[in-house]
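These are my notebook entries from a session spent looking through one structure. I wrote down what I looked up in the order in which I turned to it.

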Amino acid sequence: MLETRNLDKSFGAVHVTRNVLLKLERGERRVILGPNGAGKTTLFNLLVGELTPNSGSVHLAGEDVTALPVAKRARRGLSRSYQKNTLFDGLTVEENLGLAAAVHTGHATRLWSDSLAKPEVREIVAEVAEQVRLMPFLHAKVSEISYGVRRQLEVGVALATRPLVLLMDEPTSGVGPEMAKGFHDLLNGLPRDLTLLIIEHDMDLAFDVADTITVLNYGEVVFDGLPEEARGSKLLKDIYLGSWEDA
Amino acid sequence: MKRAILAALGLATSLAMPATAEDIKVGLLLPYSGVYAALGNDIDAGFALGLETFGAETGATFEIVREDTEVKPPVALGKAKKLILQDKVDVMAGIVSSGVLGAVRDMVHGAGVPLIVANAGNDEATGIQCSPYITRMSFSNGQVNRPMGTWMAEQGIKKVYTLAPDYAAGRQMIDGFAQTFTAAGGEIVGQEFTPFQKTQDFGPYLAQAKASGADAVFVFYAGGEAISFVKQYDSFGLKADLPLYGSGFLTSALYVNAEGPAAEGVITALHYVPTIENDANKAFAEAFTAATGRVPSEYAVQGYDSARALVEAVKAGATDRESLANALRQVSFDGPRGPLSIDPATNNLIQPIYVYETIAGEGGLTQKVLAQLPAERDPVNGCEMAPVSN
Amino acid sequence: MANDLGFWTLQALNALQLSMLLFLLSIGLTVIFGLMHFVNLAHGSLYALGAYVAASLAAVGGFWMGFFLAPVAVAGVGILLYSGLIRRMRKSGPMAQVLVTFGLIFAMLDLTRIFWGDLALAIEVPALLDGRLSFLGVEYPTYRLFIIALGLAIIAALAFVLGRTQIGAMIRAGVDNDAMAACLGINVERLFFVVFCVGCALAGLAGAVAAPLLSVTPDMGLQILIPTLIVIVIGGLGSLKGAVAGSLIFGFVQTFGAVLAPQLASVLIYALLAAVLVIKPVGLFPAKG
Amino acid sequence: MFRHTPLRYGVLVLLAAAALFQAFTAEYFGLEILTEILILAMLVLALDMVAGFGGMVSLCHGALMGVGAYAYAMLTTKAGIAPPVAMAGSVAITGAAAWVIGAVCARSHGIYFIMATLAFGQMAYSWVFEAPVFGGDDGLGGIARLDLTMIGLDLTDSRSFALFCLFALGAAYGATVLILRSGLGRSLSGIMHNEQRMRALGLTVWRVKADVFGLSGMIAGLAGALAAQHIMFVSPGLLGWTVSGEALVVVILGGLGTLVGPLVGAAAFVVLKHELSAVTPYWHLVVGVILIAVVMSRANGIFGWVEARWGARIDRRVADATRKQQPGEVVSDA
């Protein structure tokens, strides 16, 4: 579904990703682990097109999308959420979801109809609100809901474009352990045919969701395998758990 | 909010009373702000002085309503409508820029209100766009410059380079000069029109003039541009080898002192200079200086003569818009500029043109009249209108 | 049309002279922007004020009195503006700033009219700089050469101050990241104040220098504003290099445009600006990446 | 995102009533002022659409209006095209010009956007000023007004023309509301709130910006075509950057992003200007000081201030009143 071949990116002399190979099957749920500065977010930015790689390519559903701009990749089914909330702050939860859904249904650029009133759009909004548990907050403004709910909305907005592949950058960043657990239940409740690529910091929680795990260190893939293998891996403990436990 | 708007509008729409026969209401449409504010103020002062001096010769009283055009045609048109429709003025006077004149022309003509043009010189206003209601007491762009072409050729000048701002007046001034200069055997070896009101540095053009091989340079600039031009011409040291001639606005009494010594020796032609020797001018210059503390400029005399023309028309028995317009077309008198008369074929003023040199005098720069060139009527230029009725 | 070398030398000098005058104006505007993210549309009005003050002082104590005191007077007005308006506007968005300074243009235009009238004023070139110098086969007005020399001297002085001194390092740090600069113990407010005043003084100096060359009219500030903005947008906001490059580009395009393609001269510069904005939306040499 | 609140409806009704009252009772100069207000209101409506709902603070809307005015003037006087067609043509031409400007400037933000639009406006100004075909500094005259005698309206009459402009403004207001409530308008709001996210969701951001800028340009072009007919004369001053600046002033004075506010601002600005210029030639000074005071007060203009103070209270009261009324009606029916 989503594949990268030898993805390289450097800023000046600093290599942030090195020769990254990834291959996600349809419906696969993969968690990316790695210490701070391992190049996880950079990898996301390369995947969605906010950065251009120095070399290598990105393929989505069999098509080379390396040269496509952000918006075109998104329309081909690649969606992402951000580590730091990137929402439409002055608007309501419903409008946030509606704007995203309208891009998917094609009503976002129409002049003759109100996208937010369209049945197709409203349907997606209701579905997504159900999926990410936002029903009680639909009419609240972003500024009126709690941080945890905003994290749910962050994922909800990404989901509302009905993507094939959803990239989530630390969806539980900044929420307490209790809520994070609930969040993972929420992720587990998403449709099975949706391909997920998740950056996660908390290993234990990551194992709740992941089918497969990739570990990045200094921009390189140092581990690629099943969660069980990862759990026992000495290498992983050294470079990731070690630094994490120290922190 | 609603009440505030209505109250404010109500305030603006009061005071509309029809004028009586003995009471002549004059709408003065001039720029009191914007780039031509200094010109507007000089015309205003001249007009007021003219009414004060000659108004008593009639039994009528004159009431002036002043409106600021801001040198913006849309604003001027709105103000003209107000004067005509609401203040119900009998006659209008003023108008500095040709753009403003172009904007109000149809309105004035349609409403049948006499307009005495006190400055704007575009040839069309008394040519293709002439109107029996519009008489011009100032000048036309061609009129001021045509005699100069012949005169310069007579002085033995063979090749001339010309410069002027790139707008209608600039082109008409230069065309008027070039027409007679070439007819008299002269040659225009180069011509450049500089971006109007955007050129502050004339260096690039001066270098071209110098390289053109001309005997002399003939230019038209006015106001701030004239000051910059004259000073820069002098600073490049061109005056010695390449004498500077021009339309007289270049060294107008209004701002020649700002040009300073750079203006010395510049020879230009205009319909008025403060140093014309005749009794009318002496009386006018003294009265104007007493009233304002300034030497009268051509703008001041235009305002003064506009008021005089109005008084003459009233003296001839005119009382309303129609009769005033008709009488204004037949006005003639001897003023500071010498003998003046309106050409009823175009409604433009027929007046002598003075060639003068700017020289150092006792109290700063002054004007030495070199020649008085005879008055000529403008060609009809496509003007068609009803003849004067008697 | 003249094709000899002297003609082109003369035109190059004209272009350089115009560039230096624009540089004096744009450097203040661009550094204030780079440091404070503040767009001062009234910068042109400060230039006009400088010219008027210089003209008034020149009438009393000669050109040099105006030359030295006009920048001081304009800096004084800058202090008033800074403490009265600018400091409070710092956190507002660009639109609010544009509008406040737009209002200032209106106000200052009428204030100069009230104080000095509508008639154009002028100053004589001082005796020392009167006349012309011959070199490179051309004769060129000494005063214009003085403007070129003054501009170059100020470029050199600013390059030294910005590049080699502590205050320069502080300004560069502030342009880069003012929050960071504040963390490093730099008194950012004080720095802004100083830079703003110096910027105003340079605008006043430009006015004083331009006064003998041009005429001093109430709308001279409005006339110079657009060219100055073009210079800093082409050059890139916030950098000395940008201001120098922008001024030179404007001066040369304007001068040679007037000679080679007079009909296109004024549209040319806007077209160039549009092209720069399309290719490099933040100008040629912006202070920040 | 645009919403009509009871307060906004109320003010709109009041404004319309005041305009109608003025149109039927005022004398000539009052009608001139009314028409001036209506045309300026249309321009600031167009500007508020892009600046208040899309964050595109344009300093070329005055120039766009000028393009509309010149297009109408050229089409009627030089090309001899009938006024209704020429009006449509000038709207289309201005819209196309605005679309191109919007597309080119879409990548610029903040002060760069302001400067870029300023550059385009000045480019148009210079061109019109210098090309002889446009009449240069002297402008173009003899522009005809629309002929509506077949429906009994003589537009050469100031009163009819004022009513016609009022009607056009009403239509433009309706169109603006529809645009802001369309998919395109919703996406524009999204872009203003978070451009990066809209792009990440798959929206071609520059297209939306350019499209809305073009639509806004069409409204500005209509205002220009009306201005040309009102004055029956066009001059380059129409395109000057200070006109754009003044339009922006009016938007801010009235209340950015409220649509209704700028209409109030237009009325206030024109009346203020006329009253002041009658009193002193230095009225710019007073306007400048008022502008500085309004912006420094940090209120969102006159209307924004009213909304912040009373908006919520009025809305609540209206909502309460309608709730109480409904059972009452049922009772009276019974």
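**Entry 1: a loop in chain B**

I began with Ala56(B), which I found in the loop between α2 (37–54) and β2 (61–68) of chain B. I kept in mind throughout that this is a predicted model. Is Ala56(B) buried or exposed? I noted Ala56(B) as exposed, because 10 other C-beta atoms lie within 10 Å and the cut-off for exposed is 12 or fewer. I then looked along the chain and found that the C-alpha atoms of Ala56(B) and Val311(B) are separated by 8.9 Å, although these residues are 255 apart in sequence.

**Entry 2: the sheet of chain B**

I next traced an open sheet of seven strands in chain B, and wrote down its order as β7-β6-β8-β9-β10-β14-β15, with mixed pairing. Which strands are at the edges? They are β7 (187–194) and β15 (364–373) of chain B, each of which pairs on one side only. For the twist I recorded an average of 25 degrees from one strand to the next.

Within this sheet I looked at β6 (residues 159–165) and β8 (residues 216–219) of chain B, which run parallel and are joined by four bridges. In this pair, Tyr161(B) stands opposite Val217(B) in β8(B). I also noted that helix α5 (residues 141–154) of chain B packs on the sheet, where it touches β9 (244–247), β10 (267–270), β14 (353–361) and β15 of chain B. The direction of this helix makes about 140 degrees with that of β10(B).

**Entry 3: where chain B meets chain D**

I turned to the contact between chains B and D, in which 33 residues of chain B are in contact with 30 residues of chain D. On the chain B side, the elements that give two or more residues are α1 (2–13), α3 (73–86) and α4 (98–111), and the largest share, eight residues, comes from α3(B). By class, I listed this side of chain B as 17 nonpolar, eight polar and eight charged residues.

**Entry 4: where chain D meets chain C**

For the contact between chains D and C, I recorded 32 residues from chain D and 32 residues from chain C. Which element of chain D gives the most to the side that touches chain C? The answer is α5(D), with 14 residues, while α5 (110–130), α10 (241–254) and α12 (283–296) of chain D each supply at least two. This side of chain D has 23 nonpolar, seven polar and two charged residues.

**Entry 5: annotated spans**

I checked the UniProt record, an unreviewed entry, which lists "transmembrane region" for several stretches of chain D, including residues 49–73 and 212–235. In the model, residues 49–73 of chain D are 76% helix and 0% strand, with end C-alpha atoms 26 Å apart, and residues 212–235 of chain D are 83% helix and 8% strand, with ends 28 Å apart. For chain C, UniProt (also an unreviewed entry) places the feature at stretches that include residues 20–39 and 98–123. Residues 20–39 of chain C are 85% helix, with end C-alpha atoms 21 Å apart, and residues 98–123 of chain C are 73% helix, with end C-alpha atoms 32 Å apart.

**Entry 6: confidence**

Last, I looked up the confidence values, and found an ipTM of 0.84 and a pTM of 0.87 for the complex. Chain D has a mean pLDDT of 88, with 96% of its residues at 70 or more. Over residues 327–334 of chain D, however, the pLDDT is below 50, and this stretch has zero contacts in the model beyond near neighbours in sequence.

Terms used
Residues numbered from 1 in each chain as written. Chains lettered and ligands numbered in written order. Predicted model: local features only at pLDDT ≥ 70, side-chain atom pairs only at ≥ 80, totals over all residues. pLDDT = per-residue confidence, 0-100. Contact = placed C-beta atoms within 7 Å. UniProt positions renumbered as here; feature names shortened; annotations may be inferred. Nonpolar A, V, L, I, M, F, W, Y, C, P; charged D, E, K, R; others polar. Buried ≥ 20, exposed ≤ 12 C-beta atoms within 10 Å, placed from the backbone. Pairing = 2+ DSSP bridges. Axes fitted to C-alpha atoms, helices over the stretch in contact; angles between N-to-C directions.
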